[in-house]
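I opened this notebook to record what I looked up in one model. The entries follow the order in which I consulted it.

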Amino acid sequence: MNTENLTYEQSDSFRELGNIGAAHAATTLSTILSTSVGIEIPDITFVNLANLHEHLDTGVVAHVIFQIQGDVQTGGYVILHIPKESAVRLTNLMVGAGDPGPDRELTEMDYSAIDEVGNIMISAFLDACAELLGLILLPSPPTSIFDIPHAVMESILVTLPGIEDIDEVVLFKTNLSCSDHHIASNIMLLPSRETLNMLLERLDKLVSG
């Protein structure tokens, strides 16, 4: 099954799944940052993997990539996508630094901080989804790429193991707010065909209840 054939109820269930997962991720991040982190209800878009770059920012962006492990042997991937300006703000919040502006060059400290943010948010996102669906969903160690989305997607399509088993992307666009800062981010779920079918099956059971 692909996302073009989703019913309204299935699409709405995916939206609620993203809302629960993103809210859990924001709550966990607020604990780490020791500051309140709010989150807007995510917008959800279903797109073909080959066209994903058309729905993302055009500038340099942090992509933190995790393979989905657990109940599915080839689970697919989940990616945290953070524009450079938001990545800088997150780093400054984590280290308690002032805001030097969005145009400074990224440093090793930024890369390390974004890896940590990715681990925190995606682990919490998958935990919440897994609890709701009655599954085991675990993230692999992260791989980070800082580049324009088109270049990153070209790299992903060539290098990630099992990518040939992935057709669809569930794109959750989220906006975080903390300490008077706005932080844009996207969580991209790239499920294998097996995982997509399993998610739809579990969501259907929840809806029919």
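**Entry 1: Val-60 and its surroundings**

I began with the contacts of Val-60 in this predicted model. Setting aside residues up to four places away in sequence, I found that Val-60 touches Pro-83, Lys-84, Phe-146, Asp-147 and Ile-148. I then looked up where Val-60 sits: its place is the loop between strand 2 (43-48) and strand 3 (61-70). For one of these partners, Pro-83, I noted the spacing: Val-60 and Pro-83 are 23 residues apart in sequence, while their C-alpha atoms are 6.6 Å apart in space.

Is Val-60 buried or exposed, or does it fall in between? Its relative accessibility is 38%, so I entered Val-60 as partly exposed, given that this class runs between the 20% and 50% cut-offs.

**Entry 2: Ser-86**

I turned next to Ser-86, which I located in helix 2 (residues 84-95). Its relative accessibility is 5%, and Ser-86 therefore counts as buried; the cut-off for that class is under 20%. Which residues does Ser-86 contact, leaving aside neighbours within four places in sequence? I recorded His-182, Ile-183 and Ala-184.

**Entry 3: Helix 3**

I checked the span of helix 3, which covers residues 108-133 and has 26 residues. From its first C-alpha to its last, helix 3 reaches 37 Å, close to the 38 Å expected at 1.5 Å a residue. Just after helix 3, I noted that Gly-134 takes a positive phi of about 70°.

**Entry 4: The whole chain**

I then listed the secondary structure and found five helices and eight strands. Read from the N terminus, the order of elements is α-β-β-β-β-α-α-β-β-α-β-β-α.

For overall dimensions, I noted that the C-alpha trace spans about 50 × 35 × 25 Å along its principal axes. The radius of gyration is 16 Å; a compact globule of 209 residues would have one near 17 Å, so the two agree.

I also looked up how contacts are distributed along the sequence. Of the contacts with a separation of 6 or more, 71% are between residues 24 or more positions apart.

**Entry 5: Burial, surface and charge**

Buried residues make up 46% of the 209 residues. The protein exposes about 9,500 Å², and I recorded that carbon and sulfur atoms supply 49% of this area.

Last, I consulted the charges: there are 8 positive and 29 negative side chains. The centres of these two sets lie 2 Å apart.

Notes
Residues numbered from 1 in each chain as written. Predicted model: local features only at pLDDT ≥ 70, side-chain atom pairs only at ≥ 80, totals over all residues. Heavy atoms only, no water. Helix = DSSP H or I, 4+ residues; strand = E, 2+ residues; numbered from the N terminus. Rg over C-alpha atoms; globule rule 2.2 N^0.38 Å. Buried < 20%, exposed > 50% of the residue type's maximum accessible area, 1.4 Å probe, protein only. Contact = heavy atoms within 4.5 Å. Areas by Shrake-Rupley, 256 points an atom, 1.4 Å probe, with all protein chains shown as cover. Lys, Arg positive; Asp, Glu negative; His and termini not counted. Charge placed at Lys NZ, Arg CZ, Asp CG, Glu CD. Expected span 1.5 Å × (residues − 1).
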